[in-house]
Amino acid sequence: MIIESGHFVLILSLLMAFLQSTVPMIGVHLRNNQLMAIAAPAAIIQFVLILGSFLALTYAYVVSDFSVINVTSNSHTAKPLLYKVSGVWGNHEGSMLLWALILSGYGAAIALFGGNLTPTLKVRVLGVQAMLGVGILAFILFTSNPFLRVFPAPENGSGLNPLLQDPGLAFHPPLLYLGYVGLSLTFSFAVAALIEGRVDAAWARWVRPWTLAAWGFLTGGIVLGSWWAYYELGWGGWWFWDPVENASFMPWLAATALLHSSIVSEKRDSLKSWTIFLAIVAFGLSLLGTFLVRSGVITSVHAFASDPTRGVFILLLLVVTIGGAFLLFAWRGPSLKTDGIFHPVSREGGLILNNFILTIAAASILLGTLYPLFVDVLELGKVSVGAPYFESVFVPMMIPMIVVMGIAPFLRWKRGDFNKTTNKLKVVGVISLIGGCFVWLIVDRSSALSSLGIALSIWLFSATFVELTSRIKLFQVPLKDSMRSIIRQPRASWGMTFAHMGLAIAVAGITASSTWKVESIQVMKFGDQVKVAGYTYTLKEVRKVQGPNYIATRGIFSVKKGDNFNVTLKPEKREYQTRTMVTTEAAIYSTFFGDLYAVVGDRDENSGGYITRIYFNPLVPWMWAGAILMVLGAAISLTDRRHRVGAPARSANIGTSQVIAK
Amino acid sequence: MKFLILIITLLLSSNFVHAVDPGEILKDSSLEIRARAISKDLRCVVCQNQSIDDSDAELARDLRILVRDRILEGDSDQAVIDYVVSRYGDFVLLNPPVKGVTFVLWFGPIVITLIGFICLILFFRRQKPLIQDLKKNNAEVKK
Amino acid sequence: MMKRLAYFLPLVLLAILAAYFSAGLGRDPQTLDSVLINKKVPEFSLPPIRGFNAGLSNNDFLNKVVLVNIFGSWCVSCRIEHPFLMELKKKGVIPIYGINWREQNQDDGPRWLKKFGNPYSLIGDDPKSRGAIAFGVTGAPETFLVDQKGIVRMKHMGPITQQNWNDTLKPAIDKLRNR
């Protein structure tokens, strides 16, 4: 009964979405306030209906209702409760329902918290959002229905892929979707603005918090996925330039560009067409990701459901949505007036450069990801485009970007004082160079790139720090004035400081873990010792351990360094009963300078020992710390009062146009 | 039946354990470094987008051993790679070769960057007269 | 004017992408065409499997049109294709050489053949995939068609059935023989 209700409310939600996407928009056209007033309640009702549907499916998983095909294929009574719940979105149909839930959730959020939007804009945003909803809900109901039944219901399910029985991976999809699908809202804003025929600073201000939220979630989702890969896949790798990984990275790059471009649009009434374009592209890349994962067009370890018929539907969705938006863009775009003008050396100039680099980076990754498909379709044979290509293309682009990231915050709007800025940054530059040389001479002379990476990290961190101190005029005015100034700094600027510093720390982590990883693979018998990166590992024993739905072979390592350091690592190799699958659980101990990482492998028949893989992964915790700082930066920015209240923008540096707050 | 389960196990568990065995590692570490570098660029043809170094698949293992045997026999890095490519085609190279069909791939980013640069320059050029006007206006106002 | 065109560019690019995607939907990104087509049989030499006298090497390929079939006792699809290969042998249609790929131990192949029948005139033992790699094999069963001059003419992936025999293999074989 509950299942049927879940199915029923899902159908209702499709009707509601259809209503929400048509009637209020007609109301705007006819200037009929009553029709327009339908939009907000419709959005909320739509969300509630889909929530009901989602909860019904969750219920089926929790009670293990195996008469539902979706539950049978993806669950099992022996699974712990947390993973029964995460199983809801660990499959194609359920994850699409989550997609729809979050899509409607964002719509409801606008309905509830978009009080300061102009009524027509609000209706249009909700209308476009609802159109997206119609597309997704139709896709679910017609091709990917999670509520289909099977009679007679089997005794038990086929169990979830044991790799997905993991806390990190359980939360990876929801976070990722909150990001991906959040970009749908910025998309709706962009299309609504195009329909209105007006993009002004107020619009940019209203879009910013949603962009921040989507960006923050996307960052978190991607990093969570990388973290999972790091501890689960058994050798400390965390990014593979797999097509589906790229499919999440490209929207992230576009969203970063969008975030910064919308700042220029808001503060300087410029770059409007570009911001709109980015908003469309960012969501387009999200849809592209959905397409790539679910259509079977590209080979990937992530590939969900390789079903060409579903692929056709998603492709149609992509073409209609993005094609429609681009058509609107081609028609209305040229008439968007730009008022703010600025000198190339200015904050705007810096932000444009940042946008430029992010865009070509995203475009290059897109090219590389889709290239095998192009070559195959044109019958020119088969090529593979793997990590080596992406690294050689992406890394060089990031170098100038990080340099500019250090400089741009110092520049004023409209026209920056290059000389004054360079003076401040001279010291930072010197420190970075010294740091880089130190790494080159002392740590590693074989890789200039890694020294450069550390130098850039020092540069960005220091430059961001100096920017903050110069803003509060540290040591230039009495200390208590500086402290007072610090409290008065707008939250959005704290967001920038945290985010940029976070990136700097992450860059150091990325550089170190990619270049200076230490690996040791050998067969060890009980009592054998191995020294890796200064730490001595002793294999004490290996025993069999029973888990909730697996049997594990657990190795016990005693790790010592000098007199003070003594730690036990217990890696496992798990054999799951339902899917006859084996997973490795590495044992990781994080120190400030890196991770101690141990893996136990198969038994070696000849010697009676075990294959062990021991690694030292330098500065890996810095990657996660940096990422957390970036997300924190986004969160802090979000709490900036100006976003919530819609206060009038400071008129000091604005160009010729006026900004009217609502 | 046992073999069926074995194969399914291998197929399902493949790709998720870093696969080089101690038994495969060459005694001479400089040769082993060469082998690992070559393996990192060779795609496991029975897997979903991984190098033979990263894959647990049987064929990946055999290819790893093949690479090492050829190095031991004196083949240069390029000769080893050429041999595998002569059997499986360019598909097996994770680092796509620079030839006709991959021209657009390798030069694409450069072309995109150049086009972008040109657009940027045009954009700022267009702004120049307006900036001059603004400076003039400001100067007049000051007067 | 230029500005207008520039604004249309994204739409054009999207259309091109969409065309590629729809063309790509029907294809399988994993199937690998053979690079050996129209080239001489690769150099390889495999010892005999247990209980047999002769192995298989590239020197066995002159003056007749043959099939080379990669199989293993562990391979389910090979079992499915096996009766058809036995038919071919019974009718003397075409000699079939076998490469016994990746057996766990040396008795598995011979035992399988004894149990189900042996359709091969020559068999090579390939525990380390050297033969399979020489042929650029990615799975079993795979079958190669080699002509009288020792040139590989066709690669067939998956089990041979009456259907695909009639559709592709037989016509190719006839064509080669009538030259």
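**Exercise 1.** How many bridges join strand 4 of chain C to strand 5 of chain C, and do the two run parallel or antiparallel?

*Solution.* This is a predicted model, in which local features need pLDDT of at least 70 and side-chain atom pairs count only at pLDDT 80 or more, while totals for chains, interfaces and linings use all residues. Residues are numbered from 1 along each chain as its sequence is written, and chains are lettered from A and ligands numbered from 1 in the order in which they are written. Begin with strand 4 (residues 96–101) of chain C, which five bridges join to strand 5 of chain C, the two running parallel. Here strands are DSSP runs of E with at least two residues, and helices are runs of H or I with at least four, numbered from the N terminus; two strands pair if DSSP finds at least two bridges between them. Next, take one residue: Gly98(C) has Ile123(C) as its bridge partner in strand 5 of chain C.

**Exercise 2.** Place these strands in their sheet.

*Solution.* The order in chain C is 5-4-3-6-7, an open sheet of five strands with mixed pairing. Strand 5 (122–126) and strand 7 (152–157) of chain C each have a single partner strand, so one side of each is left without a neighbour in the sheet.

**Exercise 3.** Describe how domain 3 of chain A meets domain 4 of chain A.

*Solution.* First, the domain bounds, which come from an automatic or database domain assignment, give domain 3 as 414–516 + 622–636 and domain 4 as 518–621 in chain A. Then, nine residues of domain 3 of chain A are in contact with five residues of domain 4 of chain A, contact meaning that C-beta atoms, placed from the backbone, lie within 7 Å. Finally, helix 18 (491–515) and helix 19 (620–638) of chain A are the elements that give two or more residues to the domain 3 side.

Notes
Two residues are in contact if their C-beta atoms, placed from the backbone, lie within 7 Å.
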